[in-house]
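User: I'm new to reading protein models, and I'd like a close look at one part of this one. Could you walk me through the salt bridges, slowly, and then show me what else is worth a glance?

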Amino acid sequence: MDERTLRVLEFHKIKERLAAAATNNLGRELALALAPVTDPDEVSARQRETTEARAILASYPSVPLGGISDIRPAVARARVGSTLTPQDLLDVAWTMDASSRLRKFIFGLGEGFETMRGHAARITPQPALVREITRCLDEQGDVVDHASPVLARLRADIRATSSRIRDKLDSLIRSPEASRYLQDPVVTLRGGRFVVPVKQEHRAAVPGIVHDQSSSGLTLFVEPMAVVELNNELASLEAKEREEVERILRYLSGLVRVAHAEIQETVEALGALDFAFAKGRLSLDMDAVEPELNTSGYLEIRRGRHPLLSGHVVPIDVELGGRFRTLVVTGPNTGGKTVSLKTIGLFALMTLAGLHLPAASGTRFAVFQQVFADIGDEQSIEQSLSTFSSHMTHIVKILKEAGPGSLVLLDELGAGTDPAEGASLGIAILEHLHLRGARTVATTHYSELKTFAYEREGVENASCEFDVATLRPTYRLIVGVPGSSCAFEVAARLGLPREIVDSARARLGEDRVRVEHMIAEMERSRRELEEDRERARSERQMMEKLVRERDEEARRLREARSEILRKARDEAARIVSRARQDVARIIEELKQGAVDRSAVDDAARRAREALKRVAEETFDVEAEAREEAPAPRTRILRPGEIAVGASVYVPKLGSSGRVVSIPRDGEDVEVQVGAMKLFVSPKDLAIIDEEPGKAGPPAGGVFIAPVAREKAAAVSSELDLRGLTVEEALAEVDKYLDDACLAGLPRARIIHGKGTGALRQAVRDFVRSHPHVRGFEPGGPAEGGDGVTVVAIRGN
């Protein structure tokens, strides 16, 4: 990649931001060494790594990266046999311990982070090494007593010897005559040996060795002869202690040397992970996205923001390499042309470096093989280069190397020389780059280049918007509209006399004035269209909000209605349960002869009334449920159309079913609805005109409340009383009619047999006054004749 391009686009500042996001020197080193690459696979892998790291940080902000140090120099010294310092050994132990935690964390993330898992797989934990170092060294780097038995014994001897010396010296300084020749009654150290401070004039009173004296010369630090041998013994013990400490450090350094290859690989993996997380952290900080890559030379930036600008940054939208390969950007000075140019160039470098772009989702970028930028004024007095010469020198180099895989950025093309010649050169340069297949973006003030962009196929105009009313640029890049330098408007707004402005405008020539007027009209139309589009967008957002609020309100109403229905069903179930318990209890008492007949009749009457209320409430609930459920598409039953197996719909039940048997003319049809078989008049049936799975309930499905649905699945359409006594039979009939009513049966057959006729008469007398019975009649010849009573049940 061209070094001058990297410099003028300020890619080094991006690397500095990236390095600041790293947590250790390993990651910072990789960040500062980052360079763009041009291999599409490598670019894709880098982008994927950044995306994975960003996703991890978004879910787990506290990634365990602490405790990692750059231990490469220490490992290198251990490799050649050097003895590491205690601090070096602790850094190795802490780093390896941190690597184990990080490896465990990444492998615990599950699938979807293959690149990060690949880095973590290179980490080789060293638990034995970590345990041994932390066993021998404390957190301050001191070798602990239990590092070896020899060291423990030596330090015990040192403490004992030191205590004996202090005891002797303490007895000396506490003696009565000591106050006369000692400067202070204290024991101190000089050169590692215990001494006492003796006054200069009483030197002879304390036999011993002088090790030091005060700056005034009035105090001598004397080692009394009584402790010389003990001090010698202490010095010998301390020397042996140092040797043992050195031996332990050599032993630990040897362990590092044995594992140096795995440690080196682990350190490199730690650096790669920290670097990846730095890229992810930078992506989060910039609110950036992964660009969609391509190799066709196409780029589309959506709401792109220059990554080095702070505060309120106006985003730009630009595309290149699709309808057009060359873009000519015009507009006034300080309008944002150069910033837009740098944004495009820096985005290209960041894409190739594997960094996310501070833009909106959907941003696409080509993997360019070369990026060239001629931006800024680099005139050189030493090389006798003017502004024009400096630009031409760089452009000549670009023209030699640029091709189909190149992105070329040219700022103020043709500036620094005669305007006519500069414009001609600019057009020729753009034409050459266009023919070479390069993707080119150039900024200029020359109107001739605007005309060239308008006339040449594959070349497009763009402009940086400028608000003449406020004399301020908006920094918005508008593709498809050429820009004006606005020199006359700015001059007039700043107070230049009108006659001078008019005179200058007249000198432009009629064609030039017409072009400027056309540009102004285009800009006015564009503004109006943009305002209309913004109003439409706001209105659409308002409508979407209203629709969402309406849907939410409807959802709340449905939930409230469902809750009311649920409570009603629960209450009905509780009433039924209590009534059935009462009936069962009364029957049991009847069997035992514990109650009289009047009490039984009264209790049965109350139970029937309660069940009737429940049936009415259940019917209301069923009606509500049927309103909520879609009915199947049906049509009126035609004469002679009923056939066994036909799908029919029973509107009164809100249920669909199938015909079981075909009746004789004028008789009810037997229909299977769920687990029930019931007789329904043909006039109460409809033929289902569409497959049940496409409209309405499934065949045999029933739209009833849970209580009725439970009964429908369990209640038969006939009751057999043969073999029972009259009392037992009437109790069964009463309970059966309650269940049949709840189940929604329209008719039921009660089989009592002929016999003496006593049971038949008792049953018919009982059902005549029963609240659930609308009427009854003897069974037909095919139904058992007078041995069967067919009852019509209310509520259907």
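Analyst: Here is a walk through some salt bridges, followed by a pocket and a surface patch.

Keep in mind that this is a predicted model. The basic idea is simple: side chains of opposite charge can pair when their charged atoms come close. In this model the count comes to 36 salt bridges.

Let's start with a pair that reaches across the sequence. D2 and K397 meet through their side chains in a salt bridge, with 3.2 Å from N to O. D2 sits in the segment before α1 (3-8) and K397 in helix α14 (residues 387-401), so this pair ties together parts that are 395 residues apart in sequence. How covered up are the two partners? D2 has a relative accessible area of 18%, and because anything under 20% is called buried, D2 is buried. K397 comes out at 41%, so K397 counts as partly exposed.

Now for a pair within one helix. E132 and R135 form a salt bridge, and their closest N and O atoms are 2.9 Å apart. Both belong to helix α8 (residues 127-136), where they are three residues apart, or about one turn of the helix. E132 is buried at 18% relative accessible area, while R135 is partly exposed at 33%.

A third pair is R302 with E300, whose side chains meet in a salt bridge at 3.2 Å, N to O. R302 is partly exposed, with 34% relative accessibility, and E300 is buried, with 15%. Salt bridges can also link up by sharing partners: E552, E553, R555, R556 and E559 are joined into one network that way.

Next, the pocket. The second largest pocket holds about 420 Å³ of space. It is lined by 18 residues, and D317, R476, L477, I478 and E530 are the closest to its centre. Strands β6 (299-304), β7 (316-320) and β14 (472-479), along with helix α19 (510-592), each give two or more residues to that lining. What kinds of residues make up the lining by class? There are eight nonpolar and 10 charged residues, and no polar ones.

Last stop: the surface. M542, M543 and L546 make a nonpolar patch there of about 300 Å². M542 is part of helix α19, and with a relative accessible area of 46% M542 is partly exposed.

Conventions: Residues are numbered from 1 along each chain as its sequence is written. This is a predicted model: local features need pLDDT of at least 70, side-chain atom pairs count only at pLDDT 80 or more; totals for chains, interfaces and linings use all residues. Side-chain values use heavy atoms; hydrogens and water are left out. On a 1 Å grid over the protein atoms alone, a cavity is a set of points where a 1.4 Å probe fits but cannot get out, and a pocket is an open set with protein on both sides within 12 Å along at least five of seven lines; lining residues have an atom within 4 Å of a point. Grid points are joined across faces, edges and corners, and a volume is the space filled by probe spheres set on the points. Helices (H or I, at least four residues) and strands (E, at least two) are DSSP runs, numbered from the N terminus. Ala, Val, Leu, Ile, Met, Phe, Trp, Tyr, Cys and Pro count as nonpolar, Asp, Glu, Lys and Arg as charged, and the others, Gly among them, as polar. Patches are made of residues with over 30% relative accessible area and no salt bridge: like charges are joined within 9 Å, nonpolar side chains (Val, Leu, Ile, Met, Phe, Trp, Tyr) within 5 Å. Accessible areas come from the Shrake-Rupley method with a 1.4 Å probe; for residues, only the protein chains shown count as cover. A salt bridge is a side-chain nitrogen of Lys or Arg within 4 Å of a carboxyl oxygen of Asp or Glu. Buried means under 20% relative accessible area, exposed over 50%, partly exposed in between (1.4 Å probe, protein chains only).
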